[in-house]
Amino acid sequence: MTAPHLTAITGGIGAGKSVVSRMLRVMGYEVFDCDREAKMLMDSDPEIKSRLKTEIHSDTVDRHGIINRRLLSSVAFSDPAKLTTLNAIVHSSVRKHINLWRQGCRTKHIFVETAILYQSSLDKMVDDVIEVIAPVEVRVKRVMERNNYSREEVVARMDSQRFTPQKAHPFVTELTNDNVTPILPQLRLYLRSSQK
């Protein structure tokens, strides 16, 4: 059996990647959630925890091996070098897990959800990209309500994720999730066109 067609679902924080992923799961598609898998790897891998303590901040992991995610986020999202280090620590493991997962999938089209497509080098693994977009103010409001973050925390995260790749993926489909334009018809149109 040939490897399934792999599509990345990406977009800035609060754009609505998870909304698209949930729709796809309801339709019967398999979706790999990079954030969730990264958290599971961080919680279970002693080497990752050790590197977080030595390379990010000594207090990011307590004596019981529990990660202080609030502190980790605060440090990483306020220092671009630390964020780059954090991504390097975690995303090589995530890429390995995606390859294993892809080999075990039995459907022709599968998806991977990621906020940092290019920074994690996942763009080199996928066949095409769905980019979910929304106006900045809509995104800020969503994240403030969802995560109970201050506006400043949300903006800091948005700034840290802002990235212009040297070379964009050649196959990108934009889906608008602005609370005005229905997203499901856009997703269905993408799925129909991708099956041709």
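## A starting point: Tyr-149 and its loop

Tyr-149 counts as buried, at 16% relative accessibility. That makes a good first stop in this structure, which is a predicted model. The place of Tyr-149 is in the loop between α6 and α7. Leaving aside neighbours within four places in sequence, Tyr-149 is in contact with Arg-70, Val-143, Met-144, Val-154 and Arg-157. If you would like a sense of distance, look across to Leu-189: 40 residues separate Tyr-149 and Leu-189 in sequence, and their C-alpha atoms are 34 Å apart in space.

Asn-148 also has its place in the loop between α6 and α7. Is Asn-148 buried or exposed? At 66% relative accessibility, Asn-148 counts as exposed, whereas Tyr-149 counts as buried.

## Two asparagines with positive phi

Asn-148 is worth a second look for its backbone. Most residues other than glycine have a negative phi. The phi of Asn-148, however, is near 60°, a positive value.

Asn-179 is not a glycine either, and has a positive phi of about 70°. You will find Asn-179 in the loop between β5 and α8, the latter covering residues 183–194. With a relative accessibility of 61%, Asn-179 counts as exposed.

## The largest pocket

Next, let us turn to the largest pocket, whose volume is about 1300 Å³. The pocket is lined by 42 residues, and the closest to its centre are Ile-13, Asp-35, Lys-39, Phe-77 and Arg-157. Arg-157 may look familiar, as one of the contacts of Tyr-149.

Which elements give two or more residues to the lining of the largest pocket? They are α1 (17–26), α2, α4, α5, α6 (136–147) and α7 (151–161). Helix α4 provides the largest share of this lining, with seven residues.

## Nonpolar cores

In soluble globular proteins, nonpolar side chains tend to be buried together. Here the largest nonpolar core has 30 residues, and those with the most contacts inside it are Met-42, Leu-52, Leu-86, Val-94, Ile-98 and Val-112. Two or more residues of this core come from each of β1, α2 (34–44), α3 (46–56), α4 (69–78), α5 (80–104) and β3 (109–113). Helix α5 gives the most to this core, with seven residues.

Val-94 offers a closer view of the contacts. Apart from neighbours within four places in sequence, Val-94 is in contact with Phe-32, Cys-34, Ala-38 and Leu-41. There is also a second, separate core of 14 residues, which includes Ile-9, Tyr-29, Phe-111 and Leu-191.

## Ile-48 and its surroundings

Ile-48 lies in helix α3, and is buried, with a relative accessible area of 3%. What does Ile-48 touch, not counting residues up to four places away in sequence? The residues in question are Leu-41, Met-42, Ile-89 and Ser-93. Among them, Met-42 is listed with the residues that have the most contacts inside the largest nonpolar core, and Leu-41 is in contact with Val-94.

For another distance to try on the model, choose Ile-48 and Arg-95. These two are 47 residues apart in sequence, while the space from C-alpha to C-alpha is 15 Å.

## Strands side by side

The strand pairings come next, and they are easy to follow by eye. Strand β1 (residues 5–10) pairs with strand β4 (residues 128–133) in the parallel sense, over four bridges. One place to find this pairing is Thr-7, whose bridge partner in β4 is Asp-128.

Strand β4 also pairs with strand β5 (residues 172–176), in the parallel sense and over five bridges. Within this pairing, the bridge partner of Val-132 in β5 is Leu-175. In a regular strand the side chains alternate between the two faces of the sheet.

## Cysteines without a disulfide

How many disulfides does the structure hold? The number is zero. Why is Cys-34 not bonded to Cys-105, which has the closest cysteine sulfur? The two sulfur atoms are 13 Å apart, too far for a bond, because a disulfide needs a pair of cysteine sulfur atoms within 2.5 Å. Cys-105 is accordingly in no disulfide, with the sulfur of Cys-34 as its nearest cysteine sulfur.

Both of these cysteines are out of reach of the surface by the accessibility criterion for burial: Cys-34 counts as buried at 1% relative accessibility, and Cys-105 is buried with a relative accessible area of 2%. Cys-34 has also appeared above, as one of the contacts of Val-94.

Note on methods
Residues numbered from 1 in each chain as written. Predicted model: local features only at pLDDT ≥ 70, side-chain atom pairs only at ≥ 80, totals over all residues. Heavy atoms only, no water. Buried < 20%, exposed > 50% of the residue type's maximum accessible area, 1.4 Å probe, protein only. Pairing = 2+ DSSP bridges. Core = buried A, V, L, I, M, F, W, Y, C linked by side-chain atoms within 4.5 Å. Contact = heavy atoms within 4.5 Å. 1 Å grid on protein atoms, 1.4 Å probe; cavity = no way out; pocket = protein on both sides within 12 Å on 5 of 7 lines; lining within 4 Å. Points joined across faces, edges and corners; volume = space filled by probe spheres on them.
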